[in-house]
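Dear colleague,

I am passing a structure on to you, with the sequence alongside. Please open it before you read my notes below.

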Amino acid sequence: MAERKEGYLEKRGKGSSALGRQNWKRRWFVLEGSSLSYYDKENSSKPIKSLPIRNSDTVEDFKFDKNSGHPPHTQWTFRLLTHKRVLEMCAETEGERLAWMNALRAHIKTSPDYTLAERSQ
């Protein structure tokens, strides 16, 4: 079983601002077992969302182009691709980004595959 990891990351929102930009929000993430949950704050008792982690999921490194108009703090970005969504996250440092990517990959490797019922949803 992969080790638990927790800490703050910024998560790219689905919505967009009046200027058409998607916003980034700082969230407390907890990766444990076959689940990645994120909370409003570290001491929040109920997650905003919990995502199942399966061995068919992937973690992707990606960088925004310097001239893309994205805020400079989004340079340490990565993605979790699941069968239902793409979750874009940003760490505060390159070291933290690599630590989260490695932790996610370890959890993916030890997690079960999706069931047929989950795939059809």
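What follows goes from the whole chain to one helix, and then to one strand and a residue in that strand.

Please keep in mind throughout that this is a predicted model. The protein chain holds 2 helices and 7 strands, and from the N terminus on its elements run β-β-β-β-β-β-β-α-α. Of its 121 residues, 38% count as buried, and its accessible surface comes to about 7400 Å², with 49% of that belonging to carbon and sulfur atoms. If one takes the contacts between residues at least 6 apart in sequence, 49% of them join residues at least 24 apart.

The helix I looked at is α1, which covers residues 94-110. At 1.5 Å a residue, its 17 residues should span 24 Å, and the end C-alpha atoms are 25 Å apart, which agrees with that expectation. The residues of α1 that count as buried are R97, W100, M101, A103, L104, H107 and I108. Seen down the axis of the helix, these buried residues fall within an arc of 165°, so they line one face of α1. As for what covers them, the elements include β1 (5-12), β2 (24-32), β3 (35-39), β5 (58-61), β6 (77-81) and β7 (86-90).

One of those covering elements, β7, is where I would turn next. This strand is itself mostly covered, with 4 of its 5 residues buried. A hairpin of 4 residues joins β6 to β7, and the two strands run antiparallel with 5 bridges between them; in this pairing, L80 has L87 of β7 as its bridge partner. Strand β7 also runs antiparallel to β1, to which 2 bridges join it, and here the bridge partner of K11 is M89 in β7.

Within β7 lies E88, and this raises a question: does E88 count as buried or exposed? The relative accessibility of E88 is 12%, and because the cut-off for a buried residue is under 20%, E88 counts as buried. Its side chain takes part in two polar contacts that I would like you to look at: one of 2.7 Å with the side chain of R12, and another of 3.0 Å with the side chain of R79.

With best regards

Notes: Residues are numbered from 1 along each chain as its sequence is written. This is a predicted model: local features need pLDDT of at least 70, side-chain atom pairs count only at pLDDT 80 or more; totals for chains, interfaces and linings use all residues. Side-chain values use heavy atoms; hydrogens and water are left out. The expected span of a helix is 1.5 Å times one less than its number of residues. Buried means under 20% relative accessible area, exposed over 50%, partly exposed in between (1.4 Å probe, protein chains only). The arc is that of the directions from the helix axis to the C-beta atoms. Contact means heavy atoms within 4.5 Å. A polar contact is a pair of N or O atoms within 3.5 Å; within protein, one must be able to donate a hydrogen and the other to accept it, and residues adjacent in sequence count only if both atoms are side-chain atoms. Accessible areas come from the Shrake-Rupley method with a 1.4 Å probe; for residues, only the protein chains shown count as cover. Two strands pair if DSSP finds at least two bridges between them.
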